[in-house]
Amino acid sequence: MSTDELLKTNNIEKIVTDGVEIYESVKNNYQPAENGKFLAIDTGSKKVYLGDTSAEAVRNAKMEHPDNIFYVVKIGSDTAETISHLFQNK
Amino acid sequence: MVTGKFDDLKHPLPYVPTVILWGQSVQTPYFVVDTGFTGDLVVTPKIAQELGLKIDGIEKVENANGGIVVLQTASAIAYMEGQELLVTVLISNNRPLMGISFMEKFKYTAIVDCINKTVKLEVAEKIIAKV
């Protein structure tokens, strides 16, 4: 399945909604000891994969789900990254 | 050491070249060194498509106004001065940006010379050795 097909099947909004819900249910297992590390969440299986960086968390997740798209969050934060005023999402 | 330059006359910003690889594709775009960005890299959908990057993540990102945007991400390899590392690339119609996490991974110190309009990325250990 191509990325476009995958995104249509699992739309972004659903990945975010399900990912946030799963993160809320597991975050107490990681906070505060792992604050600053990342979780890649497979919303289908509800499994979470820890990494020191977002790239590492996704790499760990892809070992079991090579074709999936994961919701990625920084532990201890509601978002994965912060971006400056140079960023203008168009 | 990686040397960059100031570009964009309207908003002079420090750009440095970075090699990105994925599969058989390689590109060397110039990225703005952006200490206000906590992640690795931001690239345009055009660059992502040309490199054949595969979307593998969705992230919520907080912008400077406190607003939240949702961006697609992909994994890629960045190559700097003989070192290859896995990085996360955020995809957006924005200037290509290089963030704090990228410089931390490669152990870079950014030296921005606003007088001479140059920018250098230098491995921190080498700077210490000079002192």
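This passage describes the two chains of a predicted model, the contacts between them, and the strand pairings and nonpolar core that they contain.

The predicted model scores ipTM 0.87 and pTM 0.89. For chain B the average pLDDT is 90, and 95% of the residues score at least 70. As a general caution, where pLDDT is low, the predicted coordinates should not be read in detail.

Chain A contains 3 helices and 4 strands, and these elements follow the pattern α-α-β-β-α-β-β when read along the sequence. Of the 90 residues in chain A, 32% are buried. Among the contacts in chain A with a separation of 6 or more, 49% are accounted for by residues 24 or more positions apart.

Chain B, in turn, comprises 3 helices and 12 strands. Its radius of gyration is 15 Å, close to the 14 Å that the globule rule gives for 131 residues, and chain B is therefore as compact as a globular protein of that length. The C-alpha trace of chain B spans about 45 × 35 × 25 Å along its principal axes. Buried residues account for 37% of the 131 residues in chain B, and, of the contacts in this chain between residues at least 6 apart in sequence, 52% join residues at least 24 apart.

The interface between the chains brings 29 residues of chain A into contact with 31 residues of chain B. On the side of chain A that touches chain B, at least two residues each are supplied by α1 (3-9), α2 (12-26), α3 (54-64), β3 (70-74) and β4 (81-82). The largest share of this side, 5 residues, comes from α3(A). By residue class, the side of chain A that touches chain B divides into 15 nonpolar, 9 polar and 5 charged residues. Strand pairing also crosses the interface, in that β3(A) and strand β7 (residues 55-62) of chain B run parallel and are joined by 3 bridges. Within this pairing, F70(A) has G57(B) in β7(B) as its bridge partner.

The largest nonpolar core holds 52 residues, of which L39(A), A40(A), V72(A), L41(B) and V89(B) touch the most other members. The element that gives the most to this core is strand β8 (residues 68-80) of chain B, with 5 residues. In soluble globular proteins, nonpolar side chains tend to be buried together. Around V89(B), when residues up to four places away in sequence are not counted, the residues touched are D40(B), L41(B), V43(B), A48(B), L53(B), T73(B), A74(B) and A76(B).

Two of the core residues named above also face one another in a strand pairing, since L41(B) stands opposite V89(B) in β9(B). The strands concerned are β6 (residues 41-43) and β9 (residues 83-91) of chain B, which run parallel and are joined by 3 bridges. Strand β9(B) also pairs with β8(B), here in the antiparallel sense and over 9 bridges, and in this pairing I77(B) stands opposite L86(B) in β9(B). The hairpin of β8(B) and β9(B) has 2 residues between the strands, and E81(B) takes a positive phi near 50 degrees in this hairpin.

A further hairpin in chain B is formed by strand β11 (residues 108-113) and strand β12 (residues 118-123), which pair in the antiparallel sense over 6 bridges. Here D113(B) stands opposite T118(B) in β12(B). In this hairpin, which has 4 residues between the strands, K117(B) takes a positive phi near 60 degrees.

The segment before β1 (2-7) of chain B contains M1(B). With 11 other C-beta atoms within 10 Å, where 12 or fewer define an exposed residue, M1(B) is exposed. M1(B) nevertheless touches K120(B), L121(B) and E122(B), residues up to four places away in sequence not being counted. In addition, the C-alpha atoms of M1(B) and T109(B) are separated by 9.8 Å, although these residues are 108 residues apart along the chain.

Technical notes. Residues numbered from 1 in each chain as written. Chains lettered and ligands numbered in written order. Predicted model: local features only at pLDDT ≥ 70, side-chain atom pairs only at ≥ 80, totals over all residues. Pairing = 2+ DSSP bridges. Rg over C-alpha atoms; globule rule 2.2 N^0.38 Å. Buried ≥ 20, exposed ≤ 12 C-beta atoms within 10 Å, placed from the backbone. Contact = placed C-beta atoms within 7 Å. Nonpolar A, V, L, I, M, F, W, Y, C, P; charged D, E, K, R; others polar. Core = buried A, V, L, I, M, F, W, Y, C linked by C-beta atoms within 7 Å. pLDDT = per-residue confidence, 0-100.
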